[in-house]
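Hello,

Here is the structure for your pocket work. My notes on the strands and pockets follow below.

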Amino acid sequence: REKWTSRDGKIVILRSITSQDKRIEKELIDGLSAQSSRYRFFHVIKEATEEMVSKFCDIDYKNEIAIIAEYNLNDKKRNVGVVRLFIDSGLQTGEFAILVADNFQDSGLGTKFMETLIDMGRKRGLKSIYGEVLADNNKMLTLAKESGFSVGTSSYGEARITLQL
């Protein structure tokens, strides 16, 4: 658990996701703009299924790490973002994903998630972390470059970003 303050003064709690977070995880996914949904899932998700939400919340922390940004507004708990690290079977590398709610984009949360992600990878002893990013996701590509990632071509319309730890 870590308290973090956004650029505009909003206080969020960064913490591990749990199975009790299914409602707020669903609300996060369902509330995304079409563009944000496409950037994270590579297609637009209009409504998260129960199976999808369970997969995102009921995780095995041996092979995956998921940190959410919990924000309380008018005594209502909200998930405004999540960073995930999936540790590959050889335990040398990990694939990551970052999602930030539309109304928290440009708040510094993506940068905080990237710092958290890099720290998680190092603590797990990984040699590298990588992500697949749509080639038109300029915000993520810029954040990756600023964080020291190399950017390469993955497949049509996608870029692979990699950081050696």
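Two strands count as paired if DSSP finds at least two bridges between them. Keep in mind that this is a predicted model.

Strand S5 first. S5 covers residues 93-100, and six of its eight residues are buried, so the strand is largely enclosed by the rest of the structure. On one side, S5 pairs with strand S4 (residues 76-87) in the antiparallel sense, over seven bridges. Val82 sits opposite Leu99 of S5. Five residues separate S4 and S5 in a hairpin, and Leu91 in the turn has a positive phi of about 60°.

S5 also pairs with strand S6 (residues 128-134): the two run parallel and share three bridges. Here Gly94 stands opposite Ile129 of S6. Between S5 and S6 the chain passes through helix H4 (residues 109-123), a right-handed β-α-β crossover.

Now the pockets. The largest has a volume of about 800 Å³. It is lined by 32 residues, and Ile98, Asn137, Lys139, Met140 and Leu143 are the closest to its centre. Helices H2 (34-41), H4 and H5 (138-146) each give two or more residues to this lining, as do S5 and S6. By type, the lining holds 14 nonpolar, 11 polar and seven charged residues.

The second largest pocket has a volume of about 150 Å³. Its lining includes Arg1, Glu2, Arg15, Lys112 and Asp119. Strand S2 (11-16) and H4 each supply at least two of the lining residues. The split here is two nonpolar, two polar and five charged.

Best wishes

How values were computed:
Residues are numbered from 1 along each chain as its sequence is written. This is a predicted model: local features need pLDDT of at least 70, side-chain atom pairs count only at pLDDT 80 or more; totals for chains, interfaces and linings use all residues. Side-chain values use heavy atoms; hydrogens and water are left out. Buried means under 20% relative accessible area, exposed over 50%, partly exposed in between (1.4 Å probe, protein chains only). Helices (H or I, at least four residues) and strands (E, at least two) are DSSP runs, numbered from the N terminus. A crossover is right-handed if, with the strands pointing away from the viewer, the path from the first strand over the helix to the second runs clockwise. On a 1 Å grid over the protein atoms alone, a cavity is a set of points where a 1.4 Å probe fits but cannot get out, and a pocket is an open set with protein on both sides within 12 Å along at least five of seven lines; lining residues have an atom within 4 Å of a point. Grid points are joined across faces, edges and corners, and a volume is the space filled by probe spheres set on the points. Ala, Val, Leu, Ile, Met, Phe, Trp, Tyr, Cys and Pro count as nonpolar, Asp, Glu, Lys and Arg as charged, and the others, Gly among them, as polar.
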